[in-house]
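Here is a set of exercises to try with the model open on your screen. Work through each task by yourself, then compare your steps with the solution.

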Amino acid sequence: MAITLEAFYRALRVQAHELMPADWQGHPECLPQHLLHQSAVDPALAELAPVASHRLGQALAHGGLGLATRWSTSHARSRLRPETGEITLLRVTPSGQNVIFTGGDECLWSWAPGDDTARPVLLGRAAYSVSALELAPDGRHAVTGDLGGTVRLWPVAAGESASRARRLGRHTGAVRAVTFSEDGLWIVSISNDGRLLRWAADHPSTDDPQVCTDEGASGRQNPWEPAGTLIGEVADRSLTAVAVLGDRIVTGDRNGTLTGWPLTGTGPSLTIGAHENGGIDDLIAVPAAGVVLSLGRDRTVRQWNPGAAPSSGHGEVVGRYEVPLQGLAVSRDGNWILTGCVDGRVLASPRRPEARARTIGRHERSVTAVAVDADGTVLSGGRDGLLLRWTVPGDSTRPTEDPTSSAPDTWSLETDSTLEQVLTGGRDGIHRWDLSGPGRPPAPERISSDAVQGLALLAATGEVVCIGRDRKLRLHRLSAPDGAGRNLLTGSNRYEAVVSVPGGSGFIATTEAGTVEHWESPGNGPRLLGKHSLRRARAIAVAPDGGWAVTTGLDRKVRRWSLGPGGGHLQIGVLEGRGRCLAVSPDGRWVYSGDDRGTILRWDVTGGLSYPLHVGRHRPDSDIRSLAVAPDGSWVAATADDGAVRVWSAEPAMDGRTVRPVLLTRLVPAAGPVSLRTAPGGLLVTDYDGGLTRLDVLGTATALHGDHGRTRPAVPLRTVVADHWWLARRRPKPDLRALHAALAQEDGTLLLLCCADVADLARFRRTMQDIGWTVELLPALRAGQRDRLVDLVREATAEGPVSLLSGDPALLHALSDAGLTPEIVSEYPALDRR
């Protein structure tokens, strides 16, 4: 049993991008189970399977639980999680050897995608969050604009020093967009101040002494730095996008109007045309075709000829989409348009009127930026914090128009207890999978081309109830040919979720209005069980005996509904966030809930326990997509939009009055997981790319209770409580990435970053979580934050030594009054940026 060092090294390089440091500590099964999964999705690594399987068995020999991939129809993705939170702006050099991106903060990063071992390199920091980014035509320089109005030129070619970044000047408002002229000699920028400015892009050959360093940048205009040339100004300050084609500048505004301006600055502006409805989010020049493409909020991409007569109408529609778009790119030859969608899809379509787009890939969250290099390789960034690299099928490196060449897009999964019937539903219809063989199943059979958002399999009658794109209920017979489905009589209701009742032909459905319906059979009308107080009851689960159902939705209330003749309902509790999914334990006593804050709770349906227990937690602010409970009730598996399948002990650890979730294991599949279903001996997992994966659950969860099956550190657990409110007010601002790296060097240290639970910090909290901080949510008001921090210090003191990173006098006084004496750290070398 052996593999080549080359294959093993290649697999390890991929894993370096997938596993966070916490996964390596105390989880020896983590690496071999990921290598086993890689061998299932990448044929070039198939020889890893026997070795990885053997090593996984050794890791679980003394207790613990692992996930062994039996087979998978997914495909490996080239991806990077750069630990910057979401990717907001992205550009790639023509050669494809360098990717420049930012995560919505002041940092600018560079990454070499051709090297599997390469990690992103920090080019430098602007004074404020970067809001605009563009690369020079030769790929040697990047220009950025930030929220403080500064326009800055960066050298990004290999061997160049970022310290030679040149600060060109400032707008008086946040920069909305920047771009280069075709010859790379000029830079054009627009801002919230309504001004269109032109800057000279010729950079000095030596370090410019007039440029403030990043550490000393204050955001004020340097009195001797050059000012931009004013090309034009818009009175209502509505400019949103800019592009340069030849000697013409084209701007777009929030009213949807395109305006042409002379690059020389001499001559009047001319109206080119306008979108029919909504503003313009992006513009891109296509020199090879002599046109400019515009991305509008009317969900269209249009092309324009800036040299045409003024007021040339509404342009030519070259792309029309069903969902809002957030990214636009075009191939170097101008023949292909690449777009990103809020539903996570990356689309490619030929640049011709009303062309049909096809999905070439998926993110776990919405796509925020797309780019394409000279060879046609597409890169995309999203709110999931991933940089994905797509090798697009088709003619050479160009995308193919054939929509049947891609895997079926999967939104839902339904099975029976024996796996004889396995159905998936999504944008491409309903598909049936044959899992009768021991190995990887053949391509699924399409039984309906209707796009569906939810499925309920009525095993007793061989029928499927689904929710269509129009949110109506539709009935299909599995034995009937495609197109035999019919709409059920549902009136004006729009449905959110549907699930079958075990042992019969009935099902439960919830509506957008919040009502809960019980259908005893598709042929009979529904019986109204009740209604949630707010719209959109989004999740349902039914007891194993079919006696009751449980629902939740936007009102955060978990309610149990009796399905018997007498009816009636009971409120079990209220969630921390909005409910996304539910599951019921096999014995019918416990209900598990997942919300949009990444929290998994366990509720006692019998009323014996009046409060929920925390069973698990994914990344804060992530949506729990699906839940599955072990047949013996010992573990709970969950998927979320952080891209991982996590398995938690159904019994959280109880240390005195402290309840701690117990993470048993974690797997990052090749594609973002969506739905889970318990299968004999394991799990079935669907992903956004239409793949289906069979996981065997090895080992036991019971061995992990108490001491969690792991060797405790020889030293007591040390907890570091970082007060974000105080840290954010230090000058200069602390480098929280360097601070985490310095503090994490000690074994047995829990690093808590305590942040206010406000929407404005959601992106920041995700970034900190990706870095490795454990984010603890605090009340919005400072008085409540101090009370919660005192409670956290008190709880942590019972576990071991506590260090508090704060210098807030009121907080320190409150700790003294409570008789708590943590180590107070108000000065630390890593707090200050270097």
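## Exercise 1: An open sheet

The strands β30, β31, β32 and β33 make an open sheet of 4 strands in the order β30-β31-β32-β33, and their pairing is antiparallel. Two strands count as paired if DSSP finds at least two bridges between them; strands are DSSP runs of E of at least two residues and helices runs of H or I of at least four, both numbered from the N terminus.

Before you start, note that this is a predicted model, in which local features need pLDDT of at least 70 and side-chain atom pairs pLDDT 80 or more, while totals for chains, interfaces and linings use all residues. Residues are numbered from 1 along each chain as its sequence is written, and side-chain values use heavy atoms, leaving out hydrogens and water.

**Task.** Find the edge strands of this sheet, then follow the pairing of β30 with β31.

**Solution.**
1. The edges are β30 (412-415) and β33 (445-448), each of which pairs on one side only.
2. From one strand to the next, the twist averages 30 degrees. For such angles, axes are lines fitted to C-alpha atoms (for helices, over the stretch in contact), and values run from 0 to 180 degrees between N-to-C directions.
3. β30 and β31 (residues 422-426) run antiparallel and are joined by 4 bridges.
4. Look across from L413 and you find T424 of β31.

## Exercise 2: A glycine in β31

**Task.** Is G426 buried or exposed?

**Solution.**
1. Place the residue: G426 belongs to strand β31.
2. Its relative accessible area is 0%, so G426 is buried. The cut-offs are under 20% for buried, over 50% for exposed and partly exposed in between, with a 1.4 Å probe and protein chains only.
3. Now check a partner in space: the C-alpha atoms of G426 and A451 are 5.6 Å apart, although 25 residues separate the two in sequence.
4. For the wider picture, buried residues make up 57% of the 834 residues in the protein chain.

## Exercise 3: A β-α-β unit

**Task.** Which elements make a right-handed β-α-β unit with β60, and why is β60 largely enclosed?

**Solution.**
1. The unit consists of β60, helix α7 (residues 762-771) and β61. Right-handed here means that, with the strands pointing away from the viewer, the path from the first strand over the helix to the second runs clockwise.
2. Strand β61 (residues 774-778) pairs with β60 in the parallel sense over 5 bridges, and C755 stands opposite L777 in β61.
3. β60 also pairs with β59 (residues 718-723), in the parallel sense over 6 bridges. Here A722 has L753 in β60 as its bridge partner.
4. β60 (residues 749-756) is largely enclosed by the rest of the structure because 7 of its 8 residues are buried.

## Exercise 4: Two crossing helices

**Task.** How do the axes of α8 and α9 cross?

**Solution.**
1. The axes of α8 (residues 782-797) and α9 (residues 809-817) come within 10 Å and cross at roughly 45 degrees.
2. The two helices α8 and α9 are therefore oblique to each other. Under 35 degrees would count as roughly parallel, over 145 as roughly antiparallel and 65 to 115 as roughly perpendicular, with the rest oblique.
3. The crossing of α8 and α9 is right-handed, a term used when the near helix is turned clockwise from the far one by less than a right angle.
4. R782, R786, L789, V790 and V793 of α8 make the contact with A810, L811, A814 and L815 of α9, contact meaning heavy atoms within 4.5 Å.
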